[in-house]
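Hi everyone, thanks for making time for this. Please have the sequence and the 3D view open while I talk, and stop me whenever you like.

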Amino acid sequence: DKGLAVFTSGGDSQGMNAAVRACVRMAIYLGCKAYFIREGYQGMVDGGEYIQEANWASVSSIIHRGGTIIGSARCKDFRERAGRLKAANNLIQRGITNLVVIGGDGSLTGANLFRQEWSSLLEELLKDGTITEEQRKKFDVLHIVGLVGSIDNDFCGTDMTIGTDSALHRIIEAIDAISSTAYSHQRTFIMEVMGRHCGYLALVGGLASEADFIFIPEMPPKTDWPDRLCVQLAQERSAGQRLNIVIVAEGAMDREGNPITAEHVKKVIDDRLKHDARITVLGHVQRGGNPSAFDRILACRMGAEATLALMEATEESVPVVISLDGNQAVRVPLMECVERTQAVAKAMAERRWADAVKLRGRS
Ligand code: F6P
């Protein structure tokens, strides 16, 4: 008789709906009440109509839809204890003690803190008379499972995050389209792709589309990169190639930590090679649209596993994130992954590039 709620938090990604659907349907199948929390943590804090019971039909015909039908938000209120106190009460009043959070590392860290504080939040609610002793006893443990929804593939501990494959499809389609017009006019295109602190999309997108040069934050070039870039592009042209494609990840920088933007790259090409160069910034197109088959299936498997993990959780269980390891959906301790992901960010900020790559490992 304890409910399970699912919510999406932070930036959206393709496949989140498939994950929501799988969580809800697996919960119903196992005889558990399922809820949506709309608009991420904000909905949990605000309660009321933001927390709704879901049924089998309410997740019909969403597997193919991009974005998240239950909305997502970045929430300031939840960062304060007062916000988390309101959120805890909203969950208790509905009998929800199982949460599936679908988001990036910030959202998952927030969930972990919430779980750690849960008993003290309940104590406080009991003291001020908001909940009864019976409620405190009945709902004394909060179980949390995370799913990583992010196009960036920037989370340690999983081979792929939900949305990455679809974003890659979008990138490849765009590069293919740009290549045909670039070919006609013998142009050079500089394409900026997303990935905040992670060059996965740029790297794999570039490899799959035969790009001539790729800038990613994890492998910053020396400050003489303009020379190397120009030699490379000039060589391609003199070998008979009619176009050049350069991919710049949005977080790209040189070894000194200076940002490398599409504009910088264009200026170098304009000044030194006098190519007809253009910039295309793919932006949120990469995050939108229908999920690929891979993301739909990945999200279905992860969503179902998330619900199973919650149903099997005991008082001693630590929060887990459902990860893809090889071709298996596995449970990995959430905080281990978050800490490793944060260590990568720290290593990059401190310009310890080799450490960052090593820490990120297979993911
Ligand atoms: O985290 C995913 C991501 O797509 C990043 O690659 C990008 O920097 C960021 O979100 C942009 O997000 P928003 O426009 O929602 O702030």
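I'll start with confidence, then visit the ligand, two helices and a few single residues.

First, please keep in mind that this is a predicted model. The chain has an average pLDDT of 95, and 99% of the residues score at least 70. For the model as a whole, ipTM is 0.96 and pTM is 0.95. A word of caution for any model like this: where pLDDT is low, the predicted coordinates should not be read in detail.

Now let's go to the ligand. Which residues are around the ligand? They are Gly-11, Gly-104, Ser-150, Ile-151, Asp-152, Met-194, Gly-195, Arg-196, Glu-250 and Arg-287. Sorted by type, this shell has 2 nonpolar, 4 polar and 4 charged residues.

Let's pick Asp-152 from that list. The UniProt annotation "active site" covers Asp-152, and the entry is an unreviewed one. You'll find Asp-152 in the loop that runs between strand S5 (143-148) and H6. Is Asp-152 buried or exposed? Asp-152 counts as buried, because 26 C-beta neighbours lie inside 10 Å. Setting aside residues up to four places away in sequence, Asp-152 touches Met-194, Gly-195, Arg-196, Cys-198, Tyr-200 and Leu-201. Look back at the ligand shell and you'll see that Met-194, Gly-195 and Arg-196 are listed there too.

The loop with Asp-152 leads us to H6, so to speak, and that is our next stop. H6 covers residues 164-185. Its 22 residues should span 32 Å at 1.5 Å a residue, and the end C-alpha atoms are 32 Å apart, so the two agree. The buried residues of H6 include Thr-164, Asp-165, Ser-166 and Ala-167, with Ile-175 and Ala-182 further along. Among the elements that cover these buried residues are S6, H7, S8 and helix H10 (293-312).

H7 is residues 200-208, and its buried residues are Tyr-200, Leu-201, Ala-202, Leu-203, Gly-205 and Gly-206. They pack against H6, S6, strand S7 (213-215) and strand S8 (244-249). Remember Tyr-200 and Leu-201? Both are contacts of Asp-152 as well. Following H7 comes Glu-210, with a positive phi near 60 degrees.

That brings me to backbone angles. As a rule, most residues other than glycine have a negative phi. Let's see some that go the other way.

Gln-186 follows H6 and has a positive phi near 50 degrees. Where is Gln-186 in the fold? Gln-186 sits in the loop between helix H6 and strand S6 (188-193). Gln-186 is partly exposed, because 13 other C-beta atoms lie within 10 Å. Leaving out residues up to four places away in sequence, Gln-186 touches Arg-242, Leu-243 and Asp-276. Take Leu-243: Gln-186 and Leu-243 are 57 residues apart along the chain, yet their C-alpha atoms are separated by 5.0 Å.

Lys-274 is another case, a residue that is not a glycine but has a positive phi of about 55 degrees. Lys-274 belongs to the loop between helix H9 (262-273) and strand S9 (277-281). Lys-274 counts as exposed, because 8 C-beta neighbours fall inside 10 Å.

For a glycine example, go to Gly-240, just after H8, with a positive phi of about 105 degrees. H8 itself is residues 225-238, and its 14 residues reach 20 Å from first C-alpha to last, close to the 20 Å expected.

My last stop is Gly-15, in the loop between strand S1 (3-8) and helix H1 (16-29). Gly-15 is buried, because 34 other C-beta atoms lie within 10 Å. The contacts of Gly-15, leaving aside neighbours within four places in sequence, include Gly-149, Ile-162, Gly-163, Ser-166 and Pro-291. Ser-166, you may recall, is one of the buried residues of H6. Gly-15 and Arg-65 are 50 residues apart in sequence and 7.7 Å apart in space, C-alpha to C-alpha.

If you take one thing home, let it be Asp-152: buried, listed among the residues around the ligand, and covered by that "active site" annotation from UniProt. Thanks for listening!

Key. Residues numbered from 1 in each chain as written. Predicted model: local features only at pLDDT ≥ 70, side-chain atom pairs only at ≥ 80, totals over all residues. Near = placed C-beta within 6 Å. Nonpolar A, V, L, I, M, F, W, Y, C, P; charged D, E, K, R; others polar. pLDDT = per-residue confidence, 0-100. Helix = DSSP H or I, 4+ residues; strand = E, 2+ residues; numbered from the N terminus. Buried ≥ 20, exposed ≤ 12 C-beta atoms within 10 Å, placed from the backbone. Contact = placed C-beta atoms within 7 Å. Expected span 1.5 Å × (residues − 1). UniProt positions renumbered as here; feature names shortened; annotations may be inferred.
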